[in-house]
Amino acid sequence: MESTSKSKGKDKNGKVYLVGAGPGDLGLVTLHAKECIESADVIVYDHLANPEILGWARDETEIIYAGKEPGEQSLSQHEINSLLIDKAREGKEVVRLKGGDPFVFGRGAEEAAAIVDAGIEFEVVPGITSAIAGPAYAGIPVTHRAENSHVIFFTGHEDPSKTESAIDYAALAKLGGTQVMLMGVERLGSITREMLNHGVREDLPVALVRWATTGRQETLTGTVGDIAERAIAGGFEAPAVAVFGNVVALRENLNWYENRSLSGKRIVVTRTRKQASALSNKLRALGAQVVELPTIRIEPPTDLREFAELVQDAHIYDWIVFTSANGVEAFFEIFFKLYDDAREIGGARIAAIGPATAQRVKDFHFHVDLQPEEFVAEAIVKEFRKQGGIENLRILLVRAEKARDVLPKELSALGAILDEGLAYRTAPETRDTTGARRQLANEGADLITFTSSSTVENFLELGLPWPKGMQVASIGPITSKTARDHGLKIDIEARRHDIDGLVETIRDFFSKKGANE
Ligand code: SAH
């Protein structure tokens, strides 16, 4: 994006970006789309644009849902056009986020025309359309050298004001090849009847792919003769793409996406937005549909100055002890603001509790001198004892405000001269920009993951109704205890108490269950 668009003179118009959000999978968003979202002042998004994408937006970005979910209050097309134009006239950088590709059956053309008519600059960022990605994720290549030499996209949803069908079924029947239909699953009965009336063979393979490329993708196959009936029998609803053609049969060998170990499982991730991605991505890679529901936010400590002074004196300590990745980040952020040379840390040795904490230290190219085997605070005390004690050694303990105080007590009891650096504090996450809470309430989930005691407490504090049948996975014994103390039953506890360990245990849990079913 141009940097000039950030200098918002009152009389300077902003710009509208018509951006394709792709079909749903977060990995199928273009880099340019991501950049636009990251720098937008206003985002107007659609029902079919995956709301998780909004997590990339800045906190200040105004986010507007333009809807069209059945039964929901939504903006009319005219209102949407005016909204885009008005915001741009305020000098804002507006991102109009649409599912798939903005110029494929999404009324993007109409919006673009209105924007141009208003004399406002615009840009199109193409996206991966569901017409291609839907079949691909169902294991259906839209072309195959032996099967077809053309592909047709058509809409099954007609402008209701049209008196005659705009779809030329005679031409479609004659052309054959692969035909991909967007919209109109609810009209499949009349559409396939028209096809048959115009000479399409009854046994032509058809696949319907709904919520393609997301964790809740489902595919239904059949023939032109029976697909409408099957869809009704199976309660198969929009949004779905329909693929007509011989290529559908290739799915039998090529169905790669729906066979993964967590396919069809909806899993809630409760970490902070910033930390969630490692866990979310791993779960998604195994096929899960992830609902990111951050309950807490990392904020600077109440007394940042005091912490900064301790960081400045880091070199006077014998040991610096980190208890969390957040603490490591907060420490080094200040450290490198104060110093431009890593050696300023002097002779201080570094202890880190847990592999994620140690990894964060290593990311900053510092050696971890002590990392307890067990990933609980008590274990670090034991390690120090093993090292011959810490009597009269100066220790800086970097931690969160209001953390458990067993560690400082024990370290002092061992004779250490202890300073506590309160590096950050956690605050409840009050925004629900991605609509995750609404989604959890409407659609439920199979599993919720807790990666620390605070995620348990903060989740429960939200007071959301517990979805029916939602099971609980915990990262380790301390988190499990907190959950049990609050009356939850733990279904899965990670064998190794880190993110990889948690993901592995979840995968094994569901694959064993699948095998027994
Ligand atoms: N511009 C969009 C299409 C908008 S029309 C694109 O390029 O994909 C809306 C229709 O798109 C839906 O009725 C459905 O047929 C299809 N669609 C969009 N996303 C989909 C998805 N994730 N899975 C299945 N169909 C989808």
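# Group meeting: a walk through the salt bridges and a buried aspartate

Okay, so the protein chain here has 18 helices and 20 strands, where helices (H or I, at least four residues) and strands (E, at least two) are DSSP runs numbered from the N terminus. Before we go on: this is a predicted model, where local features need pLDDT of at least 70, side-chain atom pairs count only at pLDDT 80 or more, and totals for chains, interfaces and linings use all residues. Residues are numbered from 1 along each chain as its sequence is written, and side-chain values use heavy atoms, with hydrogens and water left out.

Let's begin with the overall picture. The C-alpha atoms fill a box of roughly 90 × 65 × 45 Å along the principal axes. There are 517 residues in the protein chain, and 49% of them count as buried; that means under 20% relative accessible area, with exposed being over 50% and partly exposed in between (1.4 Å probe, protein chains only). About 24,600 Å² is exposed by the chain, and carbon and sulfur atoms supply 50% of that. Those accessible areas come from the Shrake-Rupley method with a 1.4 Å probe, and for residues only the protein chains shown count as cover. And if you take contacts (heavy atoms within 4.5 Å) between residues at least 6 apart in sequence, 67% join residues at least 24 apart.

Now, salt bridges. Side chains of opposite charge can pair when their charged atoms come close. Here we call it a salt bridge if a side-chain nitrogen of Lys or Arg is within 4 Å of a carboxyl oxygen of Asp or Glu. How many turn up in the whole structure? The search finds 36.

Take Arg 96 and Glu 111, whose side chains meet at 2.7 Å, N to O. Arg 96 sits in strand E4 and Glu 111 in helix H3, so this pair ties together parts that are 15 residues apart in sequence. Both residues are buried. They also belong to a network of salt bridges that links Asp 46, Arg 96, Lys 98 and Glu 111.

Next up, Glu 443 and Arg 216, with their closest N and O atoms 3.4 Å apart. Glu 443 is in helix H15 and Arg 216 is in the loop between strands E8 and E9, so that salt bridge ties together parts 227 residues apart in sequence. Glu 443 is partly exposed, at 33% relative accessibility, and Arg 216 is partly exposed too, at 23%.

Then there's Lys 481 with Asp 485, at 2.9 Å between the closest N and O atoms. Both are in helix H17, four residues apart, which is about one turn of the helix. Lys 481 counts as exposed at 52% relative accessibility, and Asp 485 does as well, at 54%.

Okay, on to Asp 101, in the loop between strand E4 and helix H3. Asp 101 is buried but has no salt bridge, and the nearest side chain of opposite charge, Lys 98, is 10.0 Å away. (Lys and Arg count as positive, Asp and Glu as negative; His and the chain ends are not counted.) So what does the side chain of Asp 101 reach at 3.1 Å? That would be the backbone nitrogen of Gly 127. A polar atom of the Asp 101 side chain also lies 2.7 Å from the backbone nitrogen of Phe 103. Leaving out residues up to four places away in sequence, Asp 101 touches Pro 126, Gly 127, Ile 128 and Thr 129.

That's the tour, thanks!

Notes. Lys, Arg positive; Asp, Glu negative; His and termini not counted. Polar contact = N/O pair within 3.5 Å; in protein donor to acceptor, adjacent residues only side chain to side chain.
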